[in-house]
Amino acid sequence: MDESSTRKTSQQIMSDADAALFVEVDPDRKFNRLLTFDAARIAKGRKLKTIRAIDVSTAKGVAAKEYFQGMLDRVVGGIEGNCLVIFGRTGAGKSHIIRQLVAHPDLQPRETVEGKYRPLLKLVAPAPCTLRTLGLRILQELGYRPKKKLREDEVWDRVFANLRAQGVAILVIDEMHNVLAGRNSPEKTKIAATLKSLMVSEDNPIQLVMAGLDPLKDFIKKYSELHRRAHFLELAPLEAVKDLVKYTKFLTKVQERLGVQTCGFTRGDMPQRFYFASRGLVGRMAYFAQEAATIAVSRDDEIVTEEHLAEAYRRPYGVGRTENPFLVLNVSTLKMPKQAEAIVNDDETLLRGTKKGADVEQAEIDL
């Protein structure tokens with residue numbers, strides 16, 4: 001193929017991409033919510049939404065925000081991208097931190113005369129996920145609907161064109177480990193090269209934020225072109241005795257912000273019960289508190305009790321009363337599961353994170 005033909009093919013690809021840049025799903029077709037006129041149910045729904053919107057700022061969350069602010073400066077300066085890598089076990093609070101980052105007021109999408117402007121694009125990598133699937137998910141989030149089946153290279157030609165056309169400067173990918181699972185070495189090399197290309201693009205350098213399980217860290221460190229542009233933030237489990245004060249303070253803030261009366265999340269040995277239930281992961285601590293409050297509200301109970309907490313734990317783990325950390329008489333008699341058992345359901349996130357409310361007071365917990 002001569003140079004003229006190559007140029008024509010490239011121009012045609014861009015033309016195809018531009019022709020469908022802003023093909024949006026009909027905004028009126030939203031039938032995925034229960035239509036109800038029951039005032040009591042509507043009131044419950046609002047209360048549950050408030051419960052799920054609580055936010056407790058931690059030291060790791062503050063560190064992520066500080067680095068993220070530096071990324072915003074890079075966007076304004078138009079320099080090549082960096083990558084913030086947030087990794088840790090399921091329930092560590094990765095998705096929650098991401099929700100805090102993307103809530104920045106300067107990064108919200110808006111309509112313009114030229115179409116939708118999105119300085120930030122956030123998505124969750126599906127499972128299973130290839131590089132082509134990831135590209136298609138990005139296009140889907142941008143409102144692009146391919147008119148034909150696209151090869152991997154065609155998908156990513158359109159990704160680059162659409163990101164630039166809609167002003168995307170920051171790309172946030174949660175559950176990034178799904179893209180790596182089952183991939184061989186050549187495939188991982190191609191993934192690394194694609195991510196690098198996004199960050200060093202001369203026309204539209206992209207700042208990356210990626211969150212996932214520990215294999216994500218290992219993947220980034222293996223490829224020097226990614227490693228030297230990356231900043232790592234590990235969300236490690238807390239220690240039962242050493243970090244007692246830290247997770248007790250965290251539970252105090254969670255309890256304050258739930259907006260419902262509780263049995264006392266920091267009373268007596270309750271912090272230890274939360275610790276055992278969560279395996280030391282603060283994201284799971286928040287999850288069990290929120291889920292218990294959700295159960296209480298749904299049952300029209302005025303107080304969140306140990307029984308509600310026990311039910312929140314029983315549902316994912318299916319244990320009896322003698323194995324339930326919120327019901328057993330002496331929680332110290334329970335044995336922490338071995339590592340292989342402790343990461344049960346790590347491929348299905350227990351906690352997707354919570355949304356920061358506009359009137360929520362910020363208080364940093366040293367976690």
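The charged end of lysine 221 sits over the ring of phenylalanine 232, at 5.3 Å from the ring centre. A second such arrangement involves arginine 279, whose charged end lies over the ring of tyrosine 317, 4.8 Å from its centre. The model is predicted.

Tyrosine 317 also belongs to an aromatic cluster, together with Phe265, Phe274, Tyr287, Phe288, Tyr313 and Phe326. In total, the structure holds 11 aromatic pairs.

The protein chain as a whole has 15 helices and nine strands. Of its 367 residues, 46% count as buried. Among the contacts in the chain with a separation of 6 or more, 73% are between residues 24 or more positions apart.

One of the helices, α11, covers residues 244-258. The helix has 15 residues, and at 1.5 Å a residue these should span 21 Å; the C-alpha atoms at its ends are 21 Å apart, so the expected span and the model agree. The buried residues of α11 are Tyr247, Phe250, Leu251, Val254, Arg257 and Leu258. They lie on the same side of the helix, because the arc they cover around the axis is only 135°. An arginine, Arg257, is thus listed among the buried residues, along with Tyr247 and Leu258. On the face of α11 turned away from this buried side are Val245 and Glu256, both exposed.

The packing partners of the buried residues of α11 are three helices and a strand: α2 (39-52), α12 (270-278), α13 (282-298) and β8 (261-262). Phe274, a member of the aromatic cluster, falls within the residue range of α12 (270-278). Tyr287 and Phe288, also in that cluster, fall within the range of α13 (282-298). Just after α11 comes glycine 259, with a positive phi of about 80°.

Elsewhere in the chain, serine 201 lies in the loop that runs between α8 (185-200) and β6 (207-212). Is this serine buried or exposed? Serine 201 counts as buried because its relative accessibility is 18%, and the cut-off for buried is under 20%. The side chain of serine 201 has polar neighbours in the backbone. It reaches the backbone nitrogen of asparagine 204 at 3.1 Å. In addition, a polar atom of the serine 201 side chain lies 3.4 Å from the backbone nitrogen of aspartate 203.

Methods. Residues numbered from 1 in each chain as written. Predicted model: local features only at pLDDT ≥ 70, side-chain atom pairs only at ≥ 80, totals over all residues. Heavy atoms only, no water. Helix = DSSP H or I, 4+ residues; strand = E, 2+ residues; numbered from the N terminus. Buried < 20%, exposed > 50% of the residue type's maximum accessible area, 1.4 Å probe, protein only. Polar contact = N/O pair within 3.5 Å; in protein donor to acceptor, adjacent residues only side chain to side chain. Expected span 1.5 Å × (residues − 1). Arc of directions from axis to C-beta. Contact = heavy atoms within 4.5 Å. Phe/Tyr/Trp six-rings, centres within 6.5 Å; stacked < 30°, edge-to-face > 60°. Lys NZ or Arg CZ within 6 Å of the ring centre and 35° of its normal.
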